[in-house]
Amino acid sequence: MSSSESDREDEPISPWLSPMCGLSAGTCLPDRPMTDDEKRKRQIEAYRLIKEKSTPELMYHKIQDLLEVKELERYRDNYAYVSVGIKYKLEIRNVHTNKIANYTPVCDYDTVSRAFERKTQSLQDSEQFTQLKATLASAAVPSGINKIVAFACCTMTGEANAIQTSHSMGQHSLVVALRAFLASRGGTAAPGENRSEIRCYAQDPIYTSIDKQVLRDVGITVVDDPKGFLEVDEASVVFCSYPNIPIRQIVADLARPALIIWNGVVREDNGLGACDPESSRVWQMMEEYIELPFPFDGKYGLDGKLAMYVRKSG
Ligand SMILES: C[S@@+](CC[C@H](N)C(=O)[O-])C[C@H]1O[C@@H](n2cnc3c(N)ncnc32)[C@H](O)[C@@H]1O
C-alpha cells in the first residue's frame, strides 16, 4: 500500500520519535499530571511504525558517489552510472485513526500565515533587500525572466521559534520580494515584450498542507519532485540554500538560469559527505556567470555563504 495525501493528518509528532521505537497501544493514564517523560512515552504509544512502503521518492546520486570506488562496488551492474534512483521512506501511522502522522510539529494556518506576512514585510523593508535591489538594478541581468524556482526552502510549519522555521520563512520571503522587484521592472522583459508576470515554484518534499496553502496564498506553486527541475530554464531565477540533494550538479546538467542564488561556489573539494558538493561541471558552468554581492549576511535565514550569480550576456 502506498500513502496518499488523504492518508495524512496534520498531527504534531516530535522529530525525535524514531521509527526504531517499539510501539504498542493502550496503556492507562496516571491519575495525576503526567511527567514530560510519561507524555513522551504516551505519544510514542499512540503511533506504530508502518511496515509498508510509502510513496516512492527520487534519490539523487552526486557524481562523487558514482565515481568513488567503494560506491562503485555498491552500484555495480544495476546502478553504475545511474544518477537517479528510487527510495521509500518508512512512515509512522496512528494506531487509532490509521492515518500517517507528520514528523514535525505543525503550527496552525493562521499562525504561519501571519508570521510569514510579517517576515516578508520586514525583509522587503530591510537595508539588505534595498542593497540587493540596487545591485540588480545596476547589473546586466538577462532580459525575459519569467519565473523563480526555489528548492529546499524547508517547512514554515515547525515550532514557531525554531531556527529552521525562521530560516524557511526568510527564504520564502526572499522569493516573494524578488518576484515583486523583478515584476516592477517589467519582469526584465525582452525588448518589445510587455511581460510583468513572474511565476514562482517551490520544490521541497517536506512541505505540509499548511505550507502549500500559505505559499499558494502568495502565488507560489508547490511542485512535486522533480517538477521544479523541469521548470528550470534560461528565463528563470533559481534559489536554493543548503539542500539535501546535489541541486547544483543537477541544474548544471539542465540549463543556464538567468540569475542564481545558492551556496557560493568556492572551487574547493567540499568532501564526499556533503549533500550538494561542487563538481567539474558546476565549476565549468559558473564560468558563464558573474558573481554579484549578496548582502544578507545570515539575516532572514540567508546564510553569508550564499552567493548571487548573473549569467554573462552573449
Ligand atoms: C538542510 S535543509 C536546508 C533548509 C533551508 N534551505 C536552510 O537553508 O536552512 C535541506 C532541505 O532540502 C530538502 N530536500 C530534500 N530533498 C529534496 C528534493 N528532492 N527537492 C527539494 N528539496 C529537497 C529537505 O526537505 C530540507 O528542507
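Phenylalanine 239 makes a good entry point: leaving aside residues up to four places away in sequence, Phe239 touches Ile148, Ala150, Leu174, Val175 and Ile261, where contact requires C-beta atoms, placed from the backbone, to lie within 7 Å. The model is a predicted one, in which local features need pLDDT of at least 70 and side-chain atom pairs count only at pLDDT 80 or more, whereas totals for chains, interfaces and linings use all residues. Residue numbers start from 1 along each chain as its sequence is written.

Phe239 is also among the residues that touch the most other members of the largest nonpolar core, together with Ile148, Val175 and Val238. This core holds 61 residues; a nonpolar core is a set of buried Ala, Val, Leu, Ile, Met, Phe, Trp, Tyr and Cys residues joined through C-beta atoms within 7 Å. Helix α6 supplies the largest share of the core, seven residues. In soluble globular proteins, nonpolar side chains tend to be buried together.

Across the protein chain there are 10 helices and 13 strands, taken as DSSP runs numbered from the N terminus (helices H or I, at least four residues; strands E, at least two). The chain has 314 residues, of which 34% count as buried; a residue is buried if 20 or more other C-beta atoms lie within 10 Å of its own, exposed if 12 or fewer, and partly exposed in between. Of the contacts with a separation of 6 or more, 71% link residues 24 or more positions apart.

Seven strands form an open sheet with mixed pairing, in the order β9-β8-β7-β10-β11-β13-β12; strands pair if DSSP finds at least two bridges between them. At the edges lie β9 (220-222) and β12 (289-292), each pairing on one side only. From one strand to the next the twist averages 25 degrees. Strand β12 is antiparallel to β13 (residues 306-311), with four bridges between them, and Ile290 stands opposite Val310 of β13.

Strand β10 deserves a closer look. All five of its five residues are buried, so β10 is largely enclosed by the rest of the structure. Ser236, Val238 and Cys240 point one way from the strand, while Val237 and Phe239 point the other way. Such a pattern is familiar: in a regular strand the side chains alternate between the two faces of the sheet. On one pairing, β10 runs parallel to β7 through five bridges, with Phe151 opposite Cys240. Another parallel pairing joins β10 to β11 (residues 259-263) by three bridges, and here Val237 has Leu259 as its bridge partner.

Helix α6 lies across β7 (147-151), β8 (199-203), β9 and β10 (236-240), and runs at about 170 degrees to β7; the angle, on a scale from 0 to 180 degrees, is taken between N-to-C directions of axes fitted to C-alpha atoms, for helices over the stretch in contact. With three residues, α6 (residues 163-184) also gives the most to the shell around the ligand. That shell contains 17 residues, the closest being Ala152, Cys154, Ile206, Ser241 and Asn244; a residue is near the ligand if its C-beta atom lies within 6 Å of it. By class, the shell divides into nine nonpolar, six polar and two charged residues.

Leucine 67, found in helix α2 (residues 63-67), offers a contrast with β10. Leu67 counts as exposed because it has 12 C-beta neighbours inside 10 Å. Leu67 and Tyr81 are 14 residues apart in sequence, with 8.5 Å between their C-alpha atoms.

Technical notes
Two residues are in contact if their C-beta atoms, placed from the backbone, lie within 7 Å. Ala, Val, Leu, Ile, Met, Phe, Trp, Tyr, Cys and Pro count as nonpolar, Asp, Glu, Lys and Arg as charged, and the others, Gly among them, as polar.
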